[in-house]
Amino acid sequence: MDHVTNTQAAPLAFLKGHGTENDFVIVPDADNAVDLSPADVARLCDRRAGIGGDGVLHVVRSAAHPEAKAMADEAEWFMDYRNADGSVAEMCGNGVRVFARYLEHAGHVAAGEVAVATRGGVKHVHLDKDGSVTVAMGRAVLPEESVTVTVDGRSWPARNVNMGNPHAVAFVESLDHAGDLRAEPPYQPASVYPDGVNIEFVADRGPRHVAMRVHERGASETRSCGTGACAVAVATARRDGLDPAESGTPVTYTVDVLGGTLIITEHPDGRVDMTGPAVIVAEGVVDPSWLTS
């Protein structure tokens, strides 16, 4: 397998897309012929010296990727997702929507139901004709362990929610209390999240309506986080005394993120659906000499 940094001779094709302004560099690579190093990913995502993005969506056929071969019968395409710092992530909710939109844009799929393989399992996506995309995000897991998050001398208990990746959800009076979120807010005990965590700060906006800011693991503050919005909706429902598994009735929350709005529904069987926009905004090629310089 060629490595972009060392031997990639041809220009590297890319697209740029976003979901509620959570933006991504998309690298189509059906045969898994391009091995993006962490440094390559970080350069691509650099907002001043690169293309800019919160992460990279490496588009690979599941059968061609060792981590996705077992899912190939259920999902033809694998979302090999990387954070902006080059680290590998299990899942990205906004990324899945943009990934599915790219598959439609490229003619690989039509509007309707699409299965996408991820490190967090196969995600089922519905591409609506009105432009919105709904992702079946799986079931939330609520571990008993929790942490305390501290910013500028204020501390809050944070609910532990796992959506295929880890989240700590803290309820605050004002989103300003989250500070600048350039650095990861400290939390204790750190042992609860041995691989790091996405931290959400949540403020109420109305009945079943909240707003959030998020520090994403490996990416600093982002304009949106899909799995984070799901974690926030589930944590808020429990705070409000709502559990669809007990009531038998779906619960829906509107979650405002800095880049727009997501609609999150938790079903009685535990399934969590996320609906929001996904847009492809540009495509082009990367000069290989830039990556190797």
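Hi everyone, I'll talk through the cavities of this structure, then a helix and a few strands.

A quick word on the basis: this is a predicted model, where local features need pLDDT of at least 70, side-chain atom pairs count only at pLDDT 80 or more, and totals for chains, interfaces and linings use all residues. Residues are numbered from 1 along each chain as its sequence is written, and side-chain values use heavy atoms, with hydrogens and water left out.

Let's start inside. A cavity here is a set of points, on a 1 Å grid over the protein atoms alone, where a 1.4 Å probe fits but cannot get out, and its lining residues have an atom within 4 Å of a point. Points are joined across faces, edges and corners, and the volume is the space filled by probe spheres set on them. How many cavities of 30 Å³ or more are there? The count is two.

The largest has a volume of about 70 Å³. Of its 13 lining residues, Asn83, Met91, Asn165, Asn198 and Glu216 are the closest to the centre. Strand E6 (77-83) and helix H4 (226-239) each supply at least two lining residues; helices (H or I, at least four residues) and strands (E, at least two) are DSSP runs, numbered from the N terminus. By class, this lining has five nonpolar, six polar and two charged residues, with Ala, Val, Leu, Ile, Met, Phe, Trp, Tyr, Cys and Pro as nonpolar, Asp, Glu, Lys and Arg as charged, and the others, Gly among them, as polar.

The second largest cavity comes to about 40 Å³. Its lining includes Ala233, Val234, Tyr253 and Ile264, and H4, strand E17 (251-257) and strand E18 (260-266) each give two or more residues. Here the split is six nonpolar, one polar and one charged.

Now, helix H3, residues 93-105. Is H3 enclosed or open to the outside? Eleven of its 13 residues are buried (under 20% relative accessible area, 1.4 Å probe, protein chains only), so H3 is largely enclosed by the rest of the structure. Arg97 and Arg101 are among those buried residues. Just after H3, Gly107 has a positive phi of about 85 degrees.

Last, strand E3, residues 22-28: six of its seven residues are buried, so E3 too is largely enclosed. Strands pair if DSSP finds at least two bridges between them. E3 runs antiparallel to E2 (residues 12-19), joined by five bridges, with Leu15 partnering Ile26. In the hairpin turn between E2 and E3, Thr20 has a positive phi of about 45 degrees. E3 also pairs with E5 (residues 55-61), this time parallel, over five bridges, and Val27 stands opposite His58. Thanks, everyone!

Methods. 1 Å grid on protein atoms, 1.4 Å probe; cavity = no way out; pocket = protein on both sides within 12 Å on 5 of 7 lines; lining within 4 Å. Buried < 20%, exposed > 50% of the residue type's maximum accessible area, 1.4 Å probe, protein only.
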